[in-house]
Amino acid sequence: MLAFIGNGSAFNTKRGNNGAFMKEDTQLFLIDCGSSTFHRLVEKGVLEGVEEVTVLITHLHPDHVGSLGDLIFYSYFKLQPAFTSKVNVMAPAAIMDDLRSLLKAVGVTEEQHTLTTIEGEAREVSLCGVKKVEPVNVEHARELDCFGYILQLERERIYYSGDANMIPTAVLTQLERGELQAVYQDCCKADYEGNVHLSLRALDELIEPNHRKRVWCMHLDEGFSIEEAKELGFQVVEAI
Ligand SMILES: [Zn+2]
Ligand SMILES: [Zn+2]
């Protein structure tokens, strides 16, 4: 299962920017690195003893990549052995050029990190119990390409939505067939035409009650009621 460094939406400063991680020995696997993420990683001691970091990126909004440069600099200068590249940033080809430009624009150099493009449908990895990452196109903001991921772990298969105002049909089918042990879904209280996130009302309409125990709400906005979500049978992620 995933741990969370933050479970809030972009403006929900109390909860911190949504981001998940898994840590194993000296390896850290992180999904996104939003504006508040680096600060929290240091504050919570998550980076202690880490020698290798892989960051999987869902999309380029600041609450998902805002402190990626800080993480790369810190890993390069502060984590031992110092002055070695420790962060590998992984993303689909569709966003890789913009990601490369963004890091270059904030002064991150090529010797301080590596970039791995996920070509095609999936990429085999061996990171903190993650065996395979499979990008899934999701709808979020019109201006940006956004991805969710199906992650093959050692004993389970899970879906992580990134930011999305929908759930792909293939994901819903796999959830219904029992092929996904957990679905982590961007979910909010706000509910209006043109919403770039998925409201709890919409989630309630999409998921049959008997599957809700495997559906975890994340990226919570200020108005989100954890009680209401739980009463409907959903789970809600907690940050460390
Ligand atoms: Zn977001
Ligand atoms: Zn976003």
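A residue counts as exposed here if 12 or fewer other C-beta atoms lie within 10 Å of its own. Keep that cut-off in mind for Phe83, which comes up below in this predicted model.

Let's start with the whole chain. It has seven helices and 13 strands. Its radius of gyration is 17 Å, close to the 18 Å that the globule rule gives for 240 residues, so the chain is as compact as a globular protein of that length. Along the principal axes, the C-alpha atoms fill a box of roughly 50 × 35 × 30 Å. Of the 240 residues, 42% count as buried. If you look at contacts with a separation of 6 or more, 59% of them come from residues 24 or more positions apart.

Now for the backbone oddities. The loop between helix H3 (68-77) and strand E5 (87-92) holds Pro81, and a cis peptide bond with omega of about -5° joins Gln80 to Pro81. Phe83 sits in the loop between H3 and E5 too. Phe83 has just 9 other C-beta atoms within 10 Å, so it is exposed.

Cys128 belongs to another stretch, the loop between strand E7 (123-127) and strand E8 (130-138). With 18 C-beta neighbours inside 10 Å, Cys128 is partly exposed.

Here are the positive phi values, each in a residue other than glycine:

| Residue | Phi | C-beta atoms within 10 Å |
|---|---|---|
| Phe83 | near 60° | 9 other C-beta atoms |
| Cys128 | near 50° | 18 C-beta neighbours |

Methods:
Residues are numbered from 1 along each chain as its sequence is written. Chains are lettered from A and ligands numbered from 1 in the order in which they are written. This is a predicted model: local features need pLDDT of at least 70, side-chain atom pairs count only at pLDDT 80 or more; totals for chains, interfaces and linings use all residues. Helices (H or I, at least four residues) and strands (E, at least two) are DSSP runs, numbered from the N terminus. A residue is buried if 20 or more other C-beta atoms lie within 10 Å of its own, exposed if 12 or fewer, and partly exposed in between; C-beta atoms are placed from the backbone. The radius of gyration is taken over C-alpha atoms; the globule rule is 2.2 Å times the number of residues to the power 0.38. Two residues are in contact if their C-beta atoms, placed from the backbone, lie within 7 Å.
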